[in-house]
Each structure stands twice: as structure tokens, then as C-alpha cells.
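Let's take a walk through this structure together. We'll begin with the charges, move on to the overall build, and then stop at one residue.

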Amino acid sequence: MSLSIRNQLPGTVTAVTPGEAMATVRVRLTGGQALTAAITREAADDLGLTPGTAVRALVKSTEVSLATAPVEGLSIRNRLPGTVTDVATGDAMASVRVTVEGGELTAAITRDAADDLALSAGTPVVALIKSTEVSLAAE
């Protein structure tokens, strides 16, 4: 199956915390980073997620925000440090490729934001992804 979701990061489930309706799933990405996904409890059960399960974390490029320095005081749990490898700009939007340990992310941000952050190849960034914007696919 092919997907239009640009960001597909392989990893392994390290913990599942079920709630009444939602579950949080901790994933260790192949690059070593920890990622949290907040998915429905039913989805976690349907996928049979337990520690050791191989998964692929899926994130739409429009759900990846970028910062040029570590950001404190945010509820966003997923903060992946990386380096910009390419910036493609249009009239309104920019597609920014970021290399992170063990993979690559694409962020779709406004051109104004890319300009304000002075993003170019080699710029160190932190990719910010809300846990509710991470989907999981079992391998």
C-alpha cells in the first residue's frame, strides 16, 4: 500500500498506557528518539500494540512545526532535533526537508515562516509534533 503521508518513521513500541477512550503509545524510533502517539484505545487494541511491536509512525507534513532553537513551556511532547537539508518555496507555502537521527521528515509551513526563520540547508531545527497528530501502522 502506498500512502500520501510523507513522514513514515519506523520504530518499536516501548509502552502502551490505555485510558478509557484513548491510549498513549511510546515508540522508540530507529534513530533512538522517543515518540509519543495518542490514539484511540480501540485502535491500540485492534493493532495488538504491546512493548516490542514493530510500528511505523505516520505524520502528515502539515502537522510538523519547526523551531530554530529548543522550546520550553510547551505541551508538545515530540521534539525531534535535526538539520534542514532542503527548502522548496512557492508563493504561499514551503516544503522543508529535515534530517533527523535515523530518518527524514518533511514539514509543510508557510513561506513567511520559512523566511522569518531564515531556513536553508544546514540550519539546525527542532521538529515539533503533537502526539494526537501521530498515527501508527503495525508492521
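**A guided look at the chain**

Start with the charges: the chain carries 11 positive and 15 negative ones, and their mean positions lie 4 Å apart. Keep in mind as you look around that this is a predicted model.

Now for the building blocks. You'll find two helices and ten strands here. Follow the chain along its sequence and they come in the order β-β-β-α-β-β-β-β-β-α-β-β.

How does the chain fill space? Its C-alpha trace spans about 45 × 35 × 25 Å along the principal axes. The radius of gyration is 15 Å, which agrees with the value near 14 Å that a compact globule of 139 residues would have. Contacts tell you something about the fold too: of those with a separation of 6 or more, 60% are between residues 24 or more positions apart.

Then there's the matter of inside and outside. Of the 139 residues, 35% are buried. The chain exposes about 7,500 Å², with carbon and sulfur atoms supplying 49% of that area.

Let's zoom in on one spot, Leu105, which sits in strand β8, covering residues 103-110. Is Leu105 buried or exposed? Its relative accessibility is just 1%, and buried means under 20%, so Leu105 counts as buried. And what is Leu105 in contact with, once you set aside its neighbours within four places in sequence? The list runs Asn7, Leu9, Leu80, Val96, Arg97, Val98, Val100, Ala127 and Ile129. As for Ile76, 29 residues from Leu105 along the chain, the C-alpha atoms of the two are 17 Å apart.

Methods
Residues are numbered from 1 along each chain as its sequence is written. This is a predicted model: local features need pLDDT of at least 70, side-chain atom pairs count only at pLDDT 80 or more; totals for chains, interfaces and linings use all residues. Side-chain values use heavy atoms; hydrogens and water are left out. Helices (H or I, at least four residues) and strands (E, at least two) are DSSP runs, numbered from the N terminus. The radius of gyration is taken over C-alpha atoms; the globule rule is 2.2 Å times the number of residues to the power 0.38. Buried means under 20% relative accessible area, exposed over 50%, partly exposed in between (1.4 Å probe, protein chains only). Contact means heavy atoms within 4.5 Å. Accessible areas come from the Shrake-Rupley method with a 1.4 Å probe; for residues, only the protein chains shown count as cover. Lys and Arg count as positive and Asp and Glu as negative; His and the chain ends are not counted. The place of a charge is taken as NZ of Lys, CZ of Arg, CG of Asp or CD of Glu.
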